[in-house]
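Me: I should like to go through this protein step by step, beginning with its surface. Please reason briefly before each answer.

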Amino acid sequence: MKFKKFYWPAFLLYAIFLFFFGCKNYYKVIDKPLETQDAKSGEVSKLQIQNRYFILRSGDKYYHMANMQISEDRKSVTCKLDSVPLNHQVYINNAFTKNRDYHKAGDDKEYKVLSEVHLYMMPDNNLDYGSYVLNLNKIDKIEIIEKDQKRTTRNHLVTGVGVTLGIIALIGIIIAATKSSCPFVSAYDGTDFSLQGEIYGGAIYPQLARHDYLPLRMNPMADGSLQLKITNELKERQYTDMTELWVITHDKNSQVLADEVGNLYSITTPQAPIKVLLNNKTDLTDALTASGDHKMIFMDDTATINSGNEVYMKFNKPANASKGKLVLNLKNSYFLDLLYGELAKGFGSYYTTFVKAQRKKPIAELIKWTKEQQIPLVVSVKTVNGWKKISEITTIGPLSNRSMVVPVDLPADEIFTEIKLSAGFMFWEIDQAAMEYNVNTNFTVEKCKPITALDEAGKNVLDVLLNDDAKYLDQPDIGNSATIVFQPTKVAAEGLSNSYILHAKGYYEHIRDFKNKPDIGFLKQFKKQNAFPSFGLIVYKKMSKEQMSVLVKNN
């Protein structure tokens, strides 16, 4: 397939993300012109499904609209008016200025502006905190806050920072409704439902349906229940077999994380690596010591052997330690998403037929291809006999970082623990790595089955989510949502804390309607081992060349 110039205005916006947080990020305000009551109720419903943060504006007053419910006749909204926290006051404070910038990292106060919706009504002196019924006819205007991608990209480009391959992360920012991903999970965090991550990433055929274990940041509702949502926000058909919420009670000075198959481990004193090298040459030690700094992208465009990357890590090791717990904070890259989209496009109008054929293939054959293309993250430990593979981490999606544990049997009589992470060029992003040598501390686990589950239309879907029985919650369309409620029986005592993990099982299928003819020549290459990461390296270099042209033009 002849690879087109990398503008793809309907598909891809890309930007250079450097290790400079001085680059500004901008938001924009979308004014929705809604004339009729039906249009207003429809827009509010759609924004609710997106887990937006609603703010009611009346004159110089403003309130958070919590626990919103649209009436059956769709003429009013019942809610609780509450105070708006500081982290949602950026646009409120700057509404009458041209200042529309926010900090993407390191300042949670400004980052939350992107989730907001502002409803405006005429001044009402009787408006106050507490229960409130808003007649939709009173809404004069709806404003939706979104990222101003064009202005943000332009700002990043004109900073004039040079392009140095090896310290630049070229991030593909994919338009949400066309990207390849998996079901989104949001959990109630004490204020609203916040996006947490994706589940069973890469399980794109029925025979690949698998269990997944997603850590959640959540807090109980007023009645003590715990609630989450599973939503379809992409062009996919999504199928969830079962859900179960693990409520883990542990010492407040520790945390409990799962490995890929659901075994739990307590983490109390994780040790940072003393040395980290990318492909045995680029020192990334500082980049992997802290979580949330986004300093590590798993890439080296000079890689020539199989177009793969390897990260070597060295940790100090206690003399008597025989087991370790490698803690990783990581996710897949949007770049991997982009590459899969280009591969799928190569099938053209034959894509649906191809997918039907894939559904009939043995699971071992499907997994073999992913391994040959270096898609899983391979974790190895160094022994006296060389490197020993201990884990192959399945794709988890590009939406959000996830913390997980990889258990390690340690070689005897060594003063260091040496770990190697291997994957295709730029397929994974590693944000933090640490090693825990302590044995597990005491913790308890309550595995809660859901007590209620309602879809976006209020239909009861509880029965299909209770058990691992191949009865699936079917979410075939963008906007499908299931709100799932759990009721734990125990409350953490003083000095203890709770952690939460969603155990879910399922799979999903992409919906694509390509009109182009299949490109047989392009597709044949992917039968060869390492063809996919090699293709990715070619794509990256073309994107870099295109980006350099933009930099030169703008400077």
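Reply: Certainly; note that this is a predicted model.

Me: What share of the accessible surface of the protein belongs to carbon and sulfur atoms?
Reply: The accessible surface of the protein comes to about 25,900 Å². Within that total, the part that belongs to carbon and sulfur atoms is 52%.

Me: What percentage of the residues of the protein count as buried?
Reply: A residue counts as buried when its relative accessible area is under 20%. The protein has 555 residues, and the share that meets this cut-off is 53%.

Me: Among contacts between residues at least 6 apart in sequence, what share joins residues at least 24 apart?
Reply: The secondary structure comprises nine helices and 31 strands. Taking the contacts in the protein between residues at least 6 apart in sequence, the share that joins residues at least 24 apart is 79%.

Me: Why is strand 31 described as largely enclosed by the rest of the structure?
Reply: Strand 31 spans residues 496–510. The description follows from burial, because the number of its 15 residues that are buried is twelve.

Me: How many bridges link strand 15 to strand 31?
Reply: Strand 31 runs antiparallel to strand 13 (residues 210–216), with seven bridges between them, and tyrosine 213 stands opposite histidine 503 there. Strand 15 (residues 236–251) also pairs with strand 31 in the antiparallel sense. In that strand 31 pairing, aspartate 251 faces leucine 496. The number of bridges between strand 15 and strand 31 is 15.

Me: Which element gives the largest share of the lining of the second largest pocket?
Reply: Strand 31 is one of the elements that give two or more residues to this lining, and others include helix 5 (334–347) and helix 7 (363–372). The pocket holds about 1,300 Å³ of space, and among its 49 lining residues Ile204, Leu366, Trp369, Thr370 and Ile375 lie nearest its centre. The largest share, nine residues, comes from helix 7.

Me: How many residues of that lining are nonpolar?
Reply: The lining of the second largest pocket divides into three classes. Ten residues are charged and 13 are polar, while the number of nonpolar residues is 26.

Me: Which strands are the edge strands of the open sheet of six strands?
Reply: The order of this sheet is 19-18-20-25-22-23, with antiparallel pairing. Strand 18 (residues 275–278) pairs with strand 19 over two bridges, and leucine 278 has threonine 282 in strand 19 as its bridge partner. An edge strand pairs on one side only, and those that do so here are strand 19 (282–283) and strand 23.

Methods:
Residues numbered from 1 in each chain as written. Predicted model: local features only at pLDDT ≥ 70, side-chain atom pairs only at ≥ 80, totals over all residues. Heavy atoms only, no water. 1 Å grid on protein atoms, 1.4 Å probe; cavity = no way out; pocket = protein on both sides within 12 Å on 5 of 7 lines; lining within 4 Å. Points joined across faces, edges and corners; volume = space filled by probe spheres on them. Helix = DSSP H or I, 4+ residues; strand = E, 2+ residues; numbered from the N terminus. Nonpolar A, V, L, I, M, F, W, Y, C, P; charged D, E, K, R; others polar. Pairing = 2+ DSSP bridges. Buried < 20%, exposed > 50% of the residue type's maximum accessible area, 1.4 Å probe, protein only. Contact = heavy atoms within 4.5 Å. Areas by Shrake-Rupley, 256 points an atom, 1.4 Å probe, with all protein chains shown as cover.
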